[in-house]
Amino acid sequence: MQIRLTVLGSRGGHQAATAPAGCDVLVTAPAGTALAAVASGLAATVGGPDTGGTVVLYAGSRRLDLQRTVLGEPPLVDGAVLTLHVPAPEADALGDDGLGAPQLQVVAGPDAGGVHLLHPGSVRIGRSADADVPLDDPDVSRLHCTVTVMPDGRVAVADLGSTNGTTLDGTPVGVRAVPLPPGALLRIGESTLRLATGAGPRLRVVPDLEGHLALTDASGGGTG
């Protein structure tokens, strides 16, 4: 199982002044692995804790139990944002599990049902394993397009010179970023993605045991 986590550091004396403010980490571990197994490594990516210190990690406003919190299950799913020692500044907006963050929902294509949490900054979507949001779609370029969440919460999308192009509600998207509004349909290859935000209604999601979230229908079954 592989999931991508973003770890944000604090400046409260637990890390060096030269440490990075945040780091994206690709975690590879068997399904069911406790957070405790990787907590020290995650903390080290942002320069903490001090020698002999205790690792304290938060998802939104929720302090995580290192022994009971499991990789691949909410809130530790692909795209989750963790903070070291202190709750995230936007914790009230995100909720206790952080799932109020913007989401990219895959609504059509080979990966239909997938849900990817977004955080401030850019994510690359593509067929490559190096993509932040990988899609198993042969008509998608290795690095097809990028989606950016701006500091003010607005979201934009830009094509990365893909072979088959990117469209937003049927309109071609070029290399210059354009706004990606909630509910709009982003088409790349044979896949369609939709942006959902914490402010609007969200479909029910469940963990898929591979570190991702999957959409379910009203009856609780998967979208298939």
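**Exercise 1. Charged pairs**

Which class, buried, partly exposed or exposed, does Arg124 fall into by its relative accessibility? Then work through the salt bridges of this predicted model and state how far each partner is exposed.

*Solution.* Begin with Arg124, whose relative accessibility of 33% places it in the partly exposed class, because that class lies between the limits of 20% and 50%. Its partner in a salt bridge is Asp132, with a distance of 3.7 Å from N to O, and Asp132 is itself partly exposed at 23% relative accessibility.

Next take Asp152 and Arg154, whose closest N and O atoms are 2.7 Å apart in a salt bridge. Here Asp152 is partly exposed at 49%, whereas Arg154, at 53% relative accessibility, counts as exposed.

The remaining pair to examine is Arg187 with Glu190, where the side chains meet at 3.3 Å, N to O. Arg187 has a relative accessible area of 35% and is partly exposed, and Glu190 is likewise partly exposed, with 45%. The count of salt bridges in the model comes to 3.

**Exercise 2. An open sheet and its enclosed strand**

Determine the strand order of the open sheet that contains β10, and follow the pairing of its strands from β9 to β11.

*Solution.* The sheet is open and has 5 strands, which follow the order β9-β8-β10-β11-β14 with mixed pairing. Its edges are β9 (133–134) and β14 (178–179), each of which pairs on one side only.

Starting from the β9 edge, strand β8 (residues 121–126) pairs with β9 in the parallel sense over 2 bridges, and Gly126 has Pro134 in β9 as its bridge partner. The next step, from β8 to β10, is antiparallel and involves 5 bridges; within this pairing Val123 is the bridge partner of Val147 in β10.

From β10 the path continues to β11, again in the antiparallel sense and over 5 bridges, with Val149 standing opposite Val155 in β11. These two strands form a hairpin with 5 residues between them, and Gly153 in the turn has a positive phi of about 95 degrees.

Finally, consider the surroundings of β10 (residues 145–149): since 4 of its 5 residues are buried, the strand is largely enclosed by the rest of the structure.

**Exercise 3. Three residues in their settings**

Where are Asn164, Gly60 and Gln103 found, and what does the model place around each?

*Solution.* Asn164 belongs to the loop between β11 (155–159) and β12 (166–168), and its relative accessible area of 49% makes Asn164 partly exposed. A polar atom of the Asn164 side chain lies 2.8 Å from the backbone oxygen of Asp139. The C-alpha atoms of Asn164 and His144 are separated by 8.8 Å, although the two residues are 20 residues apart along the chain.

Gly60 also occupies a loop, the one between β3 (57–59) and β4 (62–63), but Gly60 is buried, with a relative accessible area of 2%. Along the chain, Gly60 and Thr83 are 23 residues apart, and their C-alpha atoms are separated by 7.8 Å.

Gln103, by contrast, is found in strand β6 (residues 103–108). Gln103 is buried at 2% relative accessibility, and its side chain is joined to that of Gln105 by a polar contact of 3.4 Å.

**Exercise 4. The whole chain and its confidence**

Describe the chain as a whole, then decide which stretches call for caution on the basis of their pLDDT.

*Solution.* The chain has 2 helices and 18 strands, and buried residues make up 44% of its 224 residues. Among contacts with a separation of 6 or more, 52% come from residues 24 or more positions apart. The exposed area is about 10,600 Å², of which carbon and sulfur atoms supply 53%.

Turning to confidence, the average pLDDT is 76, and 73% of the residues score at least 70. Over residues 91–99 the pLDDT stays under 50, and the model has 16 contacts beyond four places in sequence for this stretch. Residues 213–224 are also below 50 in pLDDT, with 36 contacts in the model beyond near neighbours in sequence. Where pLDDT is low, predicted coordinates should not be read in detail.

Methods
Residues numbered from 1 in each chain as written. Predicted model: local features only at pLDDT ≥ 70, side-chain atom pairs only at ≥ 80, totals over all residues. Heavy atoms only, no water. Buried < 20%, exposed > 50% of the residue type's maximum accessible area, 1.4 Å probe, protein only. Contact = heavy atoms within 4.5 Å. Areas by Shrake-Rupley, 256 points an atom, 1.4 Å probe, with all protein chains shown as cover. Salt bridge = Lys/Arg side-chain N within 4 Å of Asp/Glu carboxyl O. Polar contact = N/O pair within 3.5 Å; in protein donor to acceptor, adjacent residues only side chain to side chain. Pairing = 2+ DSSP bridges. pLDDT = per-residue confidence, 0-100.
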